[in-house]
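Open the model in your viewer and keep the selection tool at hand. The stops below go element by element.

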Amino acid sequence: MAKEKKEFVKEITRMEDDFAQWYTDVIRKTDMIDYSPVKGFLVLKPYGYALWENIQGFLDRRFKETGHENVYFPLLIPESLLNKEKEHVEGFAPEVAWVTHGGSEELQERLCIRPTSETIICSMYAKWLKSYRELPYLYNQWASVVRWEKETRPFLRHREFLWQEGHTLHETYEEAQEETLRMLGIYRELAEDFLAIPVVSGIKSDKEKFAGAESTYTIEALMHDGKALQSGTSHNLAKHFTEAFEITYLDRDGLLKNPYHTSWGSSTRLIGAVIMAHGDNRGLILPPRLAPVQVVIIPIMPHKEGVLEKARAVEGLLKDRGIRVKLDDSENNSPGWKFNEYEMKGVPVRLEIGPRDLADNVAMVARRDNLQKSACSLDTIDETIARLLDTIHQDMFDKALKEREEKTFTVKNLEELKDQMENRPGFAKMMWCGSGACEDRIKMETAATIRCIPFEEEKVGDCCAVCGGEAKHMVYVAKAY
RNA sequence: CGGGGUGUAGCGCAGCUUGGUAGCGCAUCUGGUUUGGGACCAGAGGGUCGCGGGUUCAAAUCCUGCCACCCCGACCA
């Protein structure tokens, strides 16, 4: 048996030598997903879906608070609609899936499975919008989209993923811009205040922006392996689509005008971000506000007298506080097995209650994030745990921020950038002249990309790190998922 | 699309060189003993050996065609 134990430890500690392997191991062992018979499509099992539900819950609440309503548009988009916005179709055409038959009949016009819904939504907005009095349109939809990716990875890139996409119309450019930034701000809140992942907010370069957008804003997070993950995007689409789809309204001045347009989205990819930004070699570490189970109580009951009753009482206390708690009183597995199981699944807090604790009127409290274990009086346990969950959130955020800072360097030229990307991957801060040519060179020579021009730029030099010309912006560069 | 590899029980694999009863570990089920860091004993169930063809008295094993999946090199939330 000692041998089995050793193998288990070996398997889960692969992170040091192979991050990708560690990532898929964690996902497999935590029973979040399964792989479908169709390549690139994922089955979300209860534990995986619960994570998404909690993300949905946070976003939906914030969307409603900012005046948005949920709607639903169809899965299939006629080819002619997809083709209306030129840049958009060029961007998405290579990766759309097509429906060509209805029953045994070949369709006259083939239908694409939405890779995103701008086109179908705009076609309906064109029909609906008449007057400036109806503006703004503030709609969001929860849906899944299909993009026929060549290479897939669980949560980070599949051919179908769950997401939300907001699509709004406004009277002025300024209003649309304000909306674009407001929604990016909500994504930042989600990442930092809910998932405990620090992010860099900023604007995408022209080459990296959404197909059909005037400008694209992003939040970028850094993973354990030094790669960046785009974790939410918000686009100011200006009139690109509203003109192409002839969305018009009669304004106060009696003139027919095209409204300004935004769209913004975030997806199940965020679950991948949580795994890769917080996990360790024992498995998942869930931030408390996301965790489907925040506290697991493991009764240790060689003789059972009183222990289970006390565990149930504690469960009740925590539930009354609104804490998501699970009492695992199954007798199939040993306490040791349960400890490992819930650590692997990332449950933030574990309570152990056994005869020894009962005698002292305490419970053992074990934190998942730093693996510390201490005794806690049963009299004040609900208060203690409630506070502890907030502490854990903050500590996880601080730790992730510290890690990001340790992986962020300023580079002065292409050589330094290349060196960083090869030897100590992470974010590089550098100056950039703004030219597409220099951007291409970065990508060609280092395989990294400009992640964004941050809102908070620092002047880390005077000239472009690539061409030496006059610098326009400071940018974050990294290899990306 | 080019290079390499793998298909055998739910999962992970051995067996193939040199053809001859389908095997191991985990998981599952039953009974019992256990329970403070992945418990133990005893028993049981579970297989078109990826698919098709060929050679042979006999094929998981040899030959052949096909299929699927994985890894490495060009696009992407």
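Start at Asp-31, just after helix H2: this residue takes a positive phi of about 60°. Helices (H or I, at least four residues) and strands (E, at least two) are DSSP runs, numbered from the N terminus.

Before moving on, two notes on conventions. The model is predicted, and local features need pLDDT of at least 70, side-chain atom pairs count only at pLDDT 80 or more, and totals for chains, interfaces and linings use all residues. Residues are numbered from 1 along each chain as its sequence is written, while chains are lettered from A and ligands numbered from 1 in the order in which they are written.

**Helix H2**

Select residues 19-29, which form H2. Trp-22, Tyr-23, Val-26 and Ile-27 are buried there. A residue is buried if 20 or more other C-beta atoms lie within 10 Å of its own, exposed if 12 or fewer, and partly exposed in between, with C-beta atoms placed from the backbone. Look down the axis of H2: the buried residues fall within an arc of 130°, so they line one face of the helix. That arc is taken from the directions from the helix axis to the C-beta atoms. Now turn to the other side of H2, where Ala-20, Gln-21 and Thr-24 are exposed.

**What covers H2**

Add strand E1 (33-35) and helix H9 (269-278); the cover over the buried residues of H2 includes both. Stay on H9. Here 10 of the 10 residues are buried, so H9 is largely enclosed by the rest of the structure. Among them are Arg-269, Gly-272 and His-278.

**Strand E11**

Next, select Ala-228 in strand E11 (residues 228-238). Ala-228 is buried, with 25 other C-beta atoms within 10 Å. Leaving out residues up to four places away in sequence, Ala-228 touches Glu-220, Ala-221, Leu-222, Phe-427, Arg-451, Ala-478 and Ala-480. Contact here requires C-beta atoms, placed from the backbone, within 7 Å. Then pick Leu-327, 99 residues from Ala-228 along the chain: the two C-alpha atoms are separated by 37 Å.

**H10 against H13**

Finish with helix H10 (residues 307-320) and helix H13 (residues 381-406). Their axes come within 9 Å and cross at roughly 55°. Axes are lines fitted to C-alpha atoms, for helices over the stretch in contact, and angles run from 0 to 180 degrees between N-to-C directions. Which residues make the contact? Val-314, Leu-317 and Leu-318 do so from H10, and Ile-381, Asp-382 and Ile-385 from H13.

Technical notes:
Contact = placed C-beta atoms within 7 Å.
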